[in-house]
Amino acid sequence: MPTTEPSRAELLALYERMLLIRRMEERLRADAAAGNLPGAVHLYIGQEAIATGVCAQLRATDLITSTHRGHGHFLAKGGDPKAMMAEIWAKRTGICRGMGGSMHVADFSKGILGANGIVGGGFAIATGAALASKLLHDTRVAVAFFGDGAANQGVFMECLNVSSLWKLPLLLVCEHNQFSEFTPSQDITSGDIADRARAFKIPTTVVDGNDVVAVWQAAGEAVGRARSGEGPCFIQAHTYRIQGHLEAEDLFLAGGKYREKHEIDAWRQRDPVERQQQRLLAAGVRPDDLQAIDARIGRVVEEAVKFAVESEPADSDLALELMFVGQKA
Amino acid sequence: MARKRYTHAINEALIEEMSRDPRVIVYGEDVELAIMGDTRGLLDRFGRERIRNTPICEATLTGMAVGAAAAGCRVVVHMMFSNFIYTGFDAIANQMAKLHLMTGGQAVMPITIIAAYGGGASNAAQHSDSGYPALVNLGGVNVAMPATPADAKGLLKSAIRGNNPTFFMEAIGRGGEMGEVPDGDYTVPFGKAATAREGRDVTLIAIGSMLKPTLEAAKKLEAAGIQAEVIDPRTLVPLDEEALIAAARKTGRIVVVDEARDRCSAASHIAAVLADKAFGALKAPVKRVTVPNVCMPYAPNAEKRMIPDADRIARIATETARA
C-alpha cells in the first residue's frame, strides 16, 4: 500500500492539536507546582505525536481507552479543554463532575472510554468495545493506548490472543516511553514488545513516536485494516517521557535518581512539537501563521483555566448518587 | 405456574432475554456445550455471534464486559465457578464497580456475571468458595442470591434488563432442584425480601443456598413447638433492610444463616444492621450460622462439618428462641 502524504491542512491540524496538548499540560505543570491541583498529575509532554497522529485517523464514533497519562488522548480525540481542566481542578463542571480527576478523564459521547488508573486496565475494555462493534455490525474501531509498562501485564497477552482469534476491529498502540513509573523499561522487560504481537500474527508496525506524520501514516493503514474486518493491528511508537512519572515526584524520590539529565536533554532535541514546526516552516508555512496558532491556543488554555477556577466545587454528596444507576449507594 | 428445575429456570431467562433484546450477548468458558447446564440450547438458537466460548482468561472476560457494555451490548458473562471471580477481579473491582461514579455518571454498565458458589460437592477449596461478601463490599455492584427456581428466573431477567453490574450467584450442585415458576414474562425486583415461611417465635434469615437447610430446620423446630419465620433477602445488594427490621420487630429473635466464612460475612452485615436499627426490639443476641473461617476441605465428612445444616441451624435457633 502506498504511503499517504498528509496535505498542508492536515499537517497544520496535527501541529495545532499537539500544541494544544502541550500548552494545556504546561499550564497543568505550573498549577501542580503551585499546589492548585488536589491530586496526582501525570503529564504526556514529549509523547503528543502519538495520540495526535492516531486520533486524527479516527471517526467521532470510534472508541479509545487511555492510560493514567491520559490528557493527550482526551484532547486528541476531541475532548473539551474546559471540561478537562475543570475536572482536574475538581469542579462540578468537570467532564466527570469532579468524581474522576486527572487520571480518569472520559467523555463517552466522544468515544473516550476513559483514562485509567490501572496500568493495563484499558486492554480488555478496548477489546470488549471492539467485540461489541463486531457483534452489533457497526464499523467502529477501538483503540487501546498503553505504555511499555502495561505490556508486562498478563492481560496484554490475553487480549492479543482474543482479538487476533476473533478478528476484532482493534488497534493496539504501545507508547514506548522507556519507563515503568520510576524503573527503566530495559531493566524489567524481556525481548521486544512488538514481537509479542507478532507471535499472535498481528500486523505490527514500529514507528518513531516523536514524528507525528509517521504515526499518522501508520495509524491510517492500521485503522483502515481494522475497520475493514481484517482484525487487530499493533503499533509500537518509540518515544520518551520528558516529565517524571508524576509531577512533584522529587518528593517521593528523596534524592534518588532513575535517569540522567543528559538523556532527557538528548530527547528534548527530538521534541515532536518542534519537529512538526520545522516541517511546516520547511513546507513554506510563514512563522506568523504559526504564531497565530500559538496565540489561538493560548486563549483556549486561558479560557479553560478561567472556567475551571471560576466553577463551583464538586457536589460533595454526588458520590452517594452515582455508585449505581437509579439506586442509592 | 409450572414445576421446573433451577437450571431450567436460568436457561429460560437467558433465552427469553436474548430473544427480547438483540444486544444481549453471553460468553464464558464452555458455554457453547453448556457445561453448567444453564446455557443449553443457546448456540443453536442464537448462533456463535451472541453466545461464544472464550479462552480461559478471566481478567479479559470481565474487562471485555466493561468495554462491550460501554459500546452498547448487554453482557452476560458466565464465570463457571465463583472462585474464578478472583482471577477476573481487577476489572470487576477497579472498572465495572467504579466507572459509573468515576465518569460522573457517563458509564452505564449493563453486565450480569453468573457464577456458582459454595461447597458440598468435594470440589475442594479452589472451587467451593462463597465469596460474595467481597462483592457486597465493593459498593458498585448488585448481588443476587436466588434460592428457588422462580427467583432464579425472575432475578436473572431483572439483572439482564438492569443498568448496573450484577452478580447472579447460583448455589453449586443444586441446579436439579425443582420449584414452581410463574408463567410468562416473570421478573423479580431487586431489594425485595421474600417470606418463605411465617412464624412468631424466631426469625431465620437464610441467604441463597442456605434457604433449603433453613426450611428443614424450621420443620424440626415446629416439631419442638417453635414457630420459626424464614426470610430470604434474595438480593444482598440492594438489601431489603426494611423487611429485615420488620422481621426483627416481629419476633425479637434473629438467626442469620449464610454459607460464607463468618468473618465479615453477609450474616455479619445483617446482624450489624439489626443491632443498629432494631436494637430495642431484640430479645436475644443476633446469632450467625456460617462457615468457620476456613477454606473448604475436600473430604466429604470434613466438608459437611463446615457447612451449616438443618441440625446446626435448628440447635442455634432453639437456643435463640429460648434465650
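Helices (H or I, at least four residues) and strands (E, at least two) are DSSP runs, numbered from the N terminus. This is a predicted model, in which local features need pLDDT of at least 70 and side-chain atom pairs count only at pLDDT 80 or more, while totals for chains, interfaces and linings use all residues. Residues are numbered from 1 along each chain as its sequence is written, chains are lettered from A and ligands numbered from 1 in the order in which they are written, and side-chain values use heavy atoms, with hydrogens and water left out.

**Stop 1: chain A**

Select chain A, which has 14 helices and 7 strands. Along the principal axes, its C-alpha atoms fill a box of roughly 55 × 50 × 45 Å. The radius of gyration is taken over C-alpha atoms, and the globule rule is 2.2 Å times the number of residues to the power 0.38. Chain A has a radius of gyration of 19 Å, which agrees with the value near 20 Å for a compact globule of 329 residues.

Next, select helix H1 (residues 8-33) of chain A, where Asp31(A) and Arg27(A) lie 4 residues apart, about one turn of the helix. The side chains of Asp31(A) and Arg27(A) form a salt bridge, at 3.2 Å from N to O. A salt bridge here is a side-chain nitrogen of Lys or Arg within 4 Å of a carboxyl oxygen of Asp or Glu. Over all chains, this rule gives 48 salt bridges.

Then go to the loop between helix H8 (193-198) and strand E6 (204-208) of chain A, where Lys201(A) is found. Lys201(A) is not a glycine, yet its phi is positive, at about 60 degrees.

**Stop 2: where chain A touches chain B**

Show both chains and select the contact residues (heavy atoms within 4.5 Å). The selection takes 39 residues from chain A and 43 residues from chain B. Buried area is the accessible area (1.4 Å probe) that two parts lose on being put together, summed over both. For chain A and chain B this comes to about 3300 Å², with 67% of it on carbon and sulfur atoms.

How many salt bridges does the rule find across the interface of chain A and chain B? The count is 0. There are, however, 12 residue pairs in polar contact between the chains, both residues at pLDDT 80 or more. A polar contact is a pair of N or O atoms within 3.5 Å; within protein, one must be able to donate a hydrogen and the other to accept it, and residues adjacent in sequence count only if both atoms are side-chain atoms.

On the chain A side, colour helix H5 (122-135), helix H6 (154-165) and helix H14 (318-322), the elements that give two or more residues to the side touching chain B. H5(A) gives the most, with 9 residues. By class, this side of chain A has 24 nonpolar, 10 polar and 5 charged residues. Ala, Val, Leu, Ile, Met, Phe, Trp, Tyr, Cys and Pro count as nonpolar, Asp, Glu, Lys and Arg as charged, and the others, Gly among them, as polar.

**Stop 3: chain B**

Hide chain A and keep chain B, which has 13 helices and 14 strands. The radius of gyration of chain B is 19 Å, close to the 20 Å that the globule rule gives for 323 residues, so chain B is as compact as a globular protein of that length. Its C-alpha trace spans about 60 × 40 × 40 Å along the principal axes.

Pro238(B) lies in the loop between strand E12 (235-237) and helix H10 (241-251) of chain B. The peptide bond from Val237(B) to Pro238(B) is cis, with omega near -5 degrees.

**Stop 4: the two domains of chain B**

Colour domain 1 (2-181) and domain 2 (194-322) of chain B separately; the bounds come from an automatic or database domain assignment. Their centres, taken over C-alpha atoms, are 26 Å apart. In the contact between them, 28 residues of domain 1 of chain B meet 25 residues of domain 2 of chain B. The two domains bury about 2000 Å² between them, 55% of it on carbon and sulfur atoms. Select Ser122(B), Tyr132(B) and Met145(B), which supply 22% of the area that domain 1 of chain B buries against domain 2 of chain B, more than any other three residues.

Between these domains there are 3 salt bridges. Glu177(B) and Lys212(B) form a salt bridge, with the closest N and O atoms 3.4 Å apart.
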